[in-house]
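Colleague: Please take a close look at one part for me. I would like to follow the aromatic rings and what surrounds them.

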Amino acid sequence: MAEALWVRTIVHHRMDRQAVEPCTRDDPQDALEAACHKLDIAKPMWLEKNQREWDSFGQTRFLPDAFLESVPFERLEIEYIDPDAKKRRSRDPRNG
């Protein structure tokens with residue numbers, strides 16, 4: 001599996017629908033647009049807050065006020081998936 005963007009809608013604190021699109025870490029917006037098209041929802045407004053979260057964590061979320069039209073979910077979450085990235089282990093001794 002190559003690098004991808006995982007897009008999911010959340011309703012009542014549970015994942016409702018999801019889509020996965022090929023993506024690079026540097027430019028998630030094209031993949032987000034394709035995933036929104038696949039899910040038949042409007043593309044949200046990408047704000048500075050979203051860019052900061054994306055740069056720091058590789059994920060961000062959009063609430064209904066980020067959309068220009070009404071949406072049937074509580075939030076839209078997107079997350080970058082890189083299967084080749086090494087999993088970082090906590091150095092906390094309590095984690096054994």
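**The aromatic cluster and its surroundings**

Modeller: Tyr-80 is buried, with a relative accessible area of 13%. Buried means under 20% relative accessible area, exposed means over 50%, and partly exposed lies in between (1.4 Å probe, protein chains only). This is a predicted model: local features need pLDDT of at least 70, side-chain atom pairs need pLDDT 80 or more, and totals for chains, interfaces and linings use all residues. Numbering starts from 1 along each chain as its sequence is written, and side-chain values use heavy atoms, without hydrogens or water.

Tyr-80 belongs to one aromatic cluster with Trp-46, Trp-54 and Phe-62. The model has four aromatic pairs. Rings of Phe, Tyr and Trp (its six-membered ring) pair if their centres lie within 6.5 Å; planes under 30 degrees apart are stacked, over 60 edge-to-face, and the rest tilted. Trp-46 and Phe-62 make a tilted pair, with 5.8 Å from centre to centre and 50° between the planes. Trp-46 sits in the loop between helix 1 and helix 2, and Phe-62 in strand 3, so this pair ties together parts 16 residues apart in sequence. Helices (H or I, at least four residues) and strands (E, at least two) are DSSP runs, numbered from the N terminus. Both rings are buried: Trp-46 at 17% relative accessibility, Phe-62 at 2%.

Now take Trp-54 and Tyr-80. Their ring centres are 6.2 Å apart and their planes stand at 80°, so the pair is edge-to-face. This pair links distant parts of the chain: Trp-54 is in helix 2 and Tyr-80 in strand 4, 26 residues apart. Trp-54 is buried too, at 1%.

Next, a neighbour of the rings. Ile-78 touches Trp-46, Trp-54 and Phe-62, among others. Its further contacts include Leu-5, Val-7 and Leu-32. A contact means heavy atoms within 4.5 Å. Pro-44 also touches Phe-62, and its other contacts include Leu-32 and Leu-76. Pro-44 lies in the loop between helix 1 (29–39) and helix 2 (48–57), and is buried at 6%.

These names return in the core. The largest nonpolar core has 20 residues; Leu-5, Val-7, Leu-32, Phe-62, Phe-67, Leu-76 and Ile-78 touch the most other members. Such a core is a set of buried Ala, Val, Leu, Ile, Met, Phe, Trp, Tyr and Cys residues joined through side-chain atoms within 4.5 Å. Strand 1, helix 1 and strand 4 (75–81) each supply at least two residues of this core. Helix 1 gives the largest share, five residues.

Finally, the sheet. Four strands form an open, antiparallel sheet in the order 2-1-4-3. Two strands pair if DSSP finds at least two bridges between them. Strand 2 and strand 3 (59–62) stand at the edges with a single partner strand each, so one side of each has no neighbour in the sheet. The twist averages 20° from one strand to the next. Strand 3 and strand 4 run antiparallel and share four bridges. There, Thr-60 stands opposite Ile-78. Helix 1 packs on the sheet and touches strand 1, strand 2, strand 3 and strand 4; its direction makes about 130° with that of strand 2. Helix 2, home of Trp-54, packs on the sheet as well, touching strand 1, strand 3 and strand 4, at about 155° to the direction of strand 3. Axes are lines fitted to C-alpha atoms, for helices over the stretch in contact, and angles run from 0 to 180 degrees between N-to-C directions.

Key
Lists of a residue's contacts leave out its neighbours within four places in sequence.
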